[in-house]
Amino acid sequence: MALSTLLHIHSSPILPLQFFHTRNLTPKPLILNRNPNSANRPKMLANAVSVPGAVSEIVTLIQSAPPTWKSALLSNVVIFILGSPILVAGLSLSGIGAAFLLGTLTWRAFGPTGFLLVASYFILGTAVTKVKLAQKEAQGIAEKRKGRRGPGSVVGSGAAACVCAFLSIYGVGGKAFSQLWRLAFVASLCTKLSDTVSSELGKAYGKITYLVTTFKVVPRGTEGAVSVEGTLAGLFASVILASIGCLMSEIGASEAVICVLASQIANFGESVIGAALQEKEGFRWLNNDAVNVINISVGSILAVLMQQVVRRNWIF
């Protein structure tokens, strides 16, 4: 009985299928890579490809010609981040904010060459402020905050440049005046740099300082006082900045000469104002920032007027 049953089971055609199923021998698919991140690889590759594309778009935007507000803003963000160590050395936090607005406006109006001219002015002006700083502090004639300029100083020094930038952006006067606004812009920077250098190096190295109104010898740092050393240094600084503007095609060679002459005349006028009016009764409002606005405005206006005289008389 048992033997016949066993033979019956053995000869049954169902057994192989039941046996195959119960032993769970169903073939499994072959998995070559079990890395859980493999599913994200297409996305990762897409991101890797998009990074160079984004950088390329940023570079293209920065190089926009003519400049746009977007390119000006982006360019200043990048430059201010990269140049933050220099900015912190020369400006207070609020001064950096004011400088950012000036830089953005300058880039929008005059492009990267105009911005580089402003940067050159800032670097040179900051450098001379640090010359013999300990000596100046000991004598009580150093700039406040170890020479780090605040927003008032930035605005006072860049007021004329901002006006020229706005006039250029909105095309006031049309093409006939576009180069005049550029000339006035460069002249304002030459005037302010010359003033800063003559003052700082005059306080550091000036042997004899005197008032231009009376030629009375006075201590270093006196308002309206000048020295031979400081005056020559200021003249040289204006020549350097005007030359940079010429090399970058912001102005022509004859206009560079005009910028230098206008800056020296304006700085002489500032010395007269400082000696005759500043810190005098009734003129307490005439602080350094206000005098800076007057000084660079005079330098800009003089440059424009001199250019018109030159053009009419064919001097150059």
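1. Let's start with Tyr205, which sits in helix H9. Keep in mind as you look around that this is a predicted model. Is Tyr205 buried, exposed or something in between? Its relative accessibility is 41%, so Tyr205 counts as partly exposed. Setting aside residues up to four places away in sequence, Tyr205 touches Val131, Lys132, Arg220 and Glu229. You can also try a distance in your viewer: Tyr205 and Val228 are 23 residues apart in sequence, and their C-alpha atoms are 9.7 Å apart in space.

2. Stay in helix H9 and go to Ser188, which is found there too. With a relative accessible area of 0%, Ser188 is buried. What does Ser188 contact, leaving aside its neighbours within four places in sequence? The partners are Ala160, Ala161, Ile296 and Ser300.

3. Now zoom out to the whole chain. The secondary structure comes to 12 helices and three strands. There are 316 residues in the chain, and buried ones make up 37% of them. If you take the contacts between residues at least 6 apart in sequence, 70% of these join residues at least 24 apart. As for the outside, the chain exposes about 18300 Å², with carbon and sulfur atoms supplying 70% of that area.

4. Next, the inside. The largest nonpolar core has 36 residues, and those with the most contacts inside it are Phe185, Val186, Leu189, Val197, Leu241 and Cys259. Which helices each supply at least two residues of this core? They are H6, H8 (151-169), H9 (175-205), H10 (228-247), H11 (253-276) and H12 (288-313). The largest share comes from H9, with 11 residues. There is also a second, separate core of 11 residues, which includes Phe80, Leu91, Ile96 and Val154.

5. Cys259 is worth a click of its own. Leaving aside its neighbours within four places in sequence, Cys259 is in contact with Leu183, Val186, Ala187, Cys190, Ala242 and Ile251. Val186 turns up again here: both Val186 and Cys259 are listed among the residues with the most contacts inside the largest core.

6. Now for a serine in another helix. Ser120 lies in helix H6, which covers residues 93-129. Why does Ser120 count as buried? Its relative accessible area is 18%, and buried means under 20%, so Ser120 falls on the buried side of the cut-off. Apart from neighbours within four places in sequence, Ser120 is in contact with Leu241 and Ile244.

7. Don't skip the strands. Three of them form an open sheet in the order S2-S1-S3, with antiparallel pairing. Which strands are at the edges? Those are S2 (217-218) and S3 (225-226), each of which pairs on one side only. Strand S1 (residues 209-211) pairs with S3 in the antiparallel sense over two bridges. To see this pairing up close, find Tyr210, which stands opposite Val226 in S3.

8. Last stop, the surface. Trp69, Phe166, Tyr170 and Val172 form a nonpolar patch there, and together they have about 430 Å² of accessible area. Trp69 is found in helix H4 (residues 69-82). Is Trp69 buried, exposed or partly exposed? At a relative accessible area of 39%, Trp69 is partly exposed.

Methods
Residues are numbered from 1 along each chain as its sequence is written. This is a predicted model: local features need pLDDT of at least 70, side-chain atom pairs count only at pLDDT 80 or more; totals for chains, interfaces and linings use all residues. Side-chain values use heavy atoms; hydrogens and water are left out. Helices (H or I, at least four residues) and strands (E, at least two) are DSSP runs, numbered from the N terminus. Buried means under 20% relative accessible area, exposed over 50%, partly exposed in between (1.4 Å probe, protein chains only). Contact means heavy atoms within 4.5 Å. Accessible areas come from the Shrake-Rupley method with a 1.4 Å probe; for residues, only the protein chains shown count as cover. Patches are made of residues with over 30% relative accessible area and no salt bridge: like charges are joined within 9 Å, nonpolar side chains (Val, Leu, Ile, Met, Phe, Trp, Tyr) within 5 Å. A salt bridge is a side-chain nitrogen of Lys or Arg within 4 Å of a carboxyl oxygen of Asp or Glu. A nonpolar core is a set of buried Ala, Val, Leu, Ile, Met, Phe, Trp, Tyr and Cys residues joined through side-chain atoms within 4.5 Å. Two strands pair if DSSP finds at least two bridges between them.
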